[in-house]
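Work through the exercises below with the sequence and the structure open beside you, and try each task before you read its solution.

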Amino acid sequence: MDEGYANLPTSHLLGSVPAVTQDDRKPSPPTAQDAAATSRLQEFPPAPGGNGGGYRPPGGPADGDVENQADWKGYFNVASYAPYFNVDTDVVVDRLISSIYPMDGFYRKIDANPDMYGPLWITTTLVFMLAAFGNYATYLMQNKNDLDIWNFDVGYFSWAASVMYGYAVIVPGMFFFLFQYFGSRQSLVRFWCMWGYSLFVFIPGSVLLLIPVEFLRWVIIALAGGASSWFIALNLKECTEGADLMVLMASASVLQFALALFIKVFFFA
Amino acid sequence: MGPTWTRSHCPLIHLAGAPSPASRAPRRGRVVSPTRASIPVSSSPAPAPVPTKPPLPAASIPISVSVSPVPASVSVPIGANGFGPPPNTLTEPVWDTVKRDLARIVSNLKLVVFPNPYREDPGKALRDWDLWGPFFFIVFLGLTLSWSASVKKSEVFAVAFAVLAAGAIILTLNVLLLGGHIIFFQSLSLLGYCLFPLDVGALVCMLKDNVILKIVVVTITLAWSSWAAYPFMSAAVNPRRKALALYPVFLMYISVGFLIIAID
């Protein structure tokens with residue numbers, strides 16, 4: 001394959017999407033790099049300086065106060081978000097499976113390397129599934145009742161996108177601030193990662209919700225909502241050990257169950 | 001004795017009188033510049049025909065100079081090899097520009113969507129990328145879906161266009177974030193060209209409104225689109241992350257396929 005892409009001299013161009021430089025393809029040394037990586041991932045957003053092989057803003061001072069001056073440039077640079085996508089296929093599959101099984105090892109799995117790939121694509125898949133299967137489910141229900149007025153409702157796409165993206169972004173942020181207010185320092189990225197993976201159980205759930213039996217639908221959504229809420233509660237308890245904030249954990253579970261009910265009522269009526 | 005004296009003592013007259021071989025040869029050929037420039041056919045009565053297919057970016061480009069027979073100060077179009085000013089495409093007829101762009105779209109389409117020997121080398125597949133082709137295909141798909149819909153036509157177009165356009169950008173960013181090696185606009189161009197089979201499928205589904213036929217047609221064209229996009233995306237990332245890069249591509253095409261089936 002043509003390896004010329006790594007040598008494209010775009011890294012000096014401000015604002016361009018940089019081609020990945022040679023440094024990124026060296027296998028990272030195990031221990032030293034991991035410690036640095038973990039400490040860098042504790043804070044969100046990432047500081048631009050010091051990223052291995054990433055873009056360095058031109059003309060910035062090489063000492064400690066580079067963060068204050070060049071901090072805003074890290075937001076608009078693709079390479080500064082790359083550490084959050086540093087996962088392989090088997091890692092992602094492992095995290096997905098452990099989000100359904102009621103074991104309590106999830107938070108320990110993401111502690112060292114929280115990824116944003118999972119939440120991003122789980123919510124996107126859920127948007128499409130809710131819109132597609134929601135339409136199909138209403139079609140089946142109307143077929144069963146012998147009504148002939150079904151029309152494809154493209155508004156489901158807009159609603160699904162607003163609800164899912166809004167929930168996955170705003171709710172963890174809100175809980176992050178609430179936890180900060182009550183004195184327990186958490187990591188926003190890990191909250192986003194956790195809430196994103198908690199939505200995975202709704203994907204097989206929405207497939208099962210196609211069954212046009214009303215009672216069965218309620219049972220399915222109750223099970224899915226319950227599993228998701230329990231996942232959230234369990235992992236919140238694990239990551240906030242020592243801080244006795246039962247109110248926040250209970251409200252997080254209730255919110256998750258409310259989302260499940262909303263999905264059933266709005267999309268699978 | 002006369003002619004011999006003329007020739008030996010006045011060689012320049014001989015050269016100026018007869019057309020030299022150097023200026024006779026270019027009348028058979030034409031300026032064929034590397035990739036994007038073309039020959040202005042403004043006012044010089046150039047004898048050779050315009051090449052109808054875009055030149056491949058190879059080394060076998062016949063570069064010659066076409067000089068008009070009138071020895072006046074006419075603009076000398078010279079190929080972009082450093083021997084003069086680059087050819088001026090502003091003065092060419094609009095039809096030439098459109099024809100050139102259409103030729104490029106067709107050649108890119110053939111490289112990407114149809115089987116050809118270059119498919120294994122993704123870098124070569126769309127070296128001459130452009131964004132006109134993807135733009136036409138996305139708008140055409142949106143329009144077809146909008147025509148097929150019976151209610152909320154403008155919202156259907158908006159959803160289709162937003163999903164495809166934003167989807168192409170997000171997919172490219174996804175590959176870059178996973179540590180892959182692609183060029184941003186080349187990837188956008190490729191994802192747009194791979195929509196061509198779905199365009200054909202949408203057109204067929206618009207003309208014939210039968211659910212079974214729609215499912216069959218959409219399945220076939222979806223498989224075709226995915227087959228077209230697969231080598232490029234899978235070669236761009238680390239093999240351990242190949243599925244992570246390919247899954248969103250399939251997701252986008254499947255959702256568009258669903259839109260084609262479901263809209264009636």
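**Exercise 1.** In this predicted model, decide whether Cys205(B) is buried or exposed.

*Solution.* Begin with the relative accessibility, which for Cys205(B) is 6%. Buried means under 20% relative accessible area, so Cys205(B) counts as buried at its 6%. Cys194(B) can be treated by the identical route, because its relative accessibility of 0% also makes it count as buried.

**Exercise 2.** State how many disulfides the model has over all chains.

*Solution.* A pair of cysteine sulfur atoms has to lie within 2.5 Å to be a disulfide. When this rule is applied over all chains, the count is zero.

**Exercise 3.** Describe the contact between chain A and chain B, starting with how many residues each chain gives to it.

*Solution.* Chain A contributes 31 residues to the contact, while chain B contributes 37 residues. Next, take the area: about 3,000 Å² is buried between chain A and chain B, and carbon and sulfur atoms give 69% of it. Finally, look for charged pairs, of which the rule finds three salt bridges across this interface. Asp153(A) forms a salt bridge with Lys152(B), and the closest N and O atoms of that pair are 2.9 Å apart.

**Exercise 4.** Find which helix gives the largest share of the nonpolar surface patch on chain A.

*Solution.* The patch covers about 630 Å² and its residues include Leu208(A), Phe215(A) and Val219(A). Helix 9 of chain A, residues 214-239, supplies the largest share with four residues. Val219(A) lies in this helix 9, and it counts as partly exposed because its relative accessibility is 31%.

Methods. Residues numbered from 1 in each chain as written. Chains lettered and ligands numbered in written order. Predicted model: local features only at pLDDT ≥ 70, side-chain atom pairs only at ≥ 80, totals over all residues. Heavy atoms only, no water. Patch = residues over 30% accessible without salt bridge, like charges linked within 9 Å, V, L, I, M, F, W, Y side chains within 5 Å. Areas by Shrake-Rupley, 256 points an atom, 1.4 Å probe, with all protein chains shown as cover. Salt bridge = Lys/Arg side-chain N within 4 Å of Asp/Glu carboxyl O. Helix = DSSP H or I, 4+ residues; strand = E, 2+ residues; numbered from the N terminus. Buried < 20%, exposed > 50% of the residue type's maximum accessible area, 1.4 Å probe, protein only. Contact = heavy atoms within 4.5 Å. Buried area = accessible area lost by both parts, 1.4 Å probe.
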